[in-house]
Amino acid sequence: MNAVQTWTLAVCFSVLAVSLLQYLLPKGSMEKMMRFLVGTFLVCAFLYPVKEWIPQIPQWVQFPTYQDNYEDFSSLVEEQQMQAAEMSIKNLVSVEMNDLGIPYKNIGVDMDIEENGSIGINRISIELEDGYQGYGLRVCSLLSEKLGVEVEVEGNE
């Protein structure tokens, strides 16, 4: 409380001194310059106690850190990349299977994220409709050639 009283007293004396100085100064070309200097002085007098608070501001304001959430976010992004790549590959295989005219039940994609961040496709597995299992070798060879990935047909005779 003593600090507030001291500051208030200092501001009052500053305003009083400035008023007296303005009263004593002659009017004319120096008036604008003196107003500027007086204004600057009063602003400094008002803000002088703030210099003691500035080093304490980081203690008062705690900004949350998101290091834990960063790892969760990173794994979420990787998961979404994997899902998007899997859907893209399934759509590509579906188009190729439709072009061949061979119906299928299910398409599976085995892939993982490598150390450099790229997605590696290990194997594509296709389950053919009943009655089309005899086309397994044909599907394997054609899709392996077009896609450049090992293709496995489940239920192949």
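A residue is called buried when its relative accessible area is under 20%, exposed when it is over 50%, and partly exposed in between (1.4 Å probe, protein chains only). The views show a predicted model, in which local features need pLDDT of at least 70 and side-chain atom pairs count only at pLDDT 80 or more, whereas totals for chains, interfaces and linings use all residues. Residues are numbered from 1 along each chain as its sequence is written, and side-chain values use heavy atoms, with hydrogens and water left out.

**View 1. The chain as a whole, with its helices and strands.** The secondary structure of the chain comes to six helices and three strands, where helices (H or I, at least four residues) and strands (E, at least two) are DSSP runs numbered from the N terminus. If you follow the chain from its N terminus, the elements come in the order α-α-α-α-α-β-β-α-β. Of the 157 residues in the chain, 20% are buried. When contacts (heavy atoms within 4.5 Å) between residues at least 6 apart in sequence are considered, 52% of them join residues at least 24 apart.

**View 2. The three-stranded sheet.** The three strands form an open sheet in the order E1-E2-E3, with mixed pairing; two strands pair if DSSP finds at least two bridges between them. Strand E1 (104-113) and strand E3 (151-154) stand at the edges of the sheet, and because each has a single partner strand, one side of each is left without a neighbour. The word "mixed" can be traced to the two pairs of strands: E1 and E2 run antiparallel and are joined by nine bridges, while E2 (residues 119-128) and E3 run parallel and are joined by four. In the first of these pairs, Tyr104 has Leu128 in E2 as its bridge partner. In the hairpin of E1 and E2, five residues lie between the strands, and Gly117 takes a positive phi near 95°.

**View 3. Strand E3 and the helix packed on the sheet.** Two positions show how E2 and E3 are aligned: Ile124 stands opposite Val151 in E3, and Ile126 stands opposite Val153 in E3. Helix H6 (residues 136-147) packs on the sheet and touches both E2 and E3. In a regular strand, the side chains alternate between the two faces of the sheet. For E3, Val151 and Val153 make up a covered face, whereas Glu152 and Glu154 make up an uncovered one. Ser141 is a residue of helix H6, and the C-alpha atoms of Ser141 and Val151 lie 7.9 Å apart in space, although the two residues are ten apart in sequence. Ser141 counts as partly exposed because its relative accessibility is 41%.

**View 4. Ile102, in the loop that leads to E1.** Ile102 is found in the loop between helix H5 (67-100) and E1, and because its relative accessibility is 2%, Ile102 counts as buried. If its neighbours within four places in sequence are left aside, Ile102 is in contact with Met97, Leu128, Tyr132, Tyr135, Arg138 and Val139. One of these residues, Tyr135, is 33 residues away from Ile102 in sequence, and the distance between them in space is 8.0 Å from C-alpha to C-alpha.

**View 5. Two buried polar residues, Ser94 and Gln133****.** Ser94 has its place in helix H5 and is buried, because its relative accessible area is 16%. Residues up to four places away in sequence are not counted here, and Ser94 then touches Tyr104 and Ile107. Gln133 has its place in the loop between E2 and H6, and Gln133 also counts as buried, since its relative accessibility is 14%.

**View 6. The cysteines Cys12 and Cys44.** A search of the whole structure finds zero disulfides, a disulfide being a pair of cysteine sulfur atoms within 2.5 Å. Cys12 is partly exposed, with a relative accessible area of 46%. Cys44 is likewise partly exposed, and its relative accessible area is 48%.

Methods:
Axes fitted to C-alpha atoms, helices over the stretch in contact; angles between N-to-C directions.
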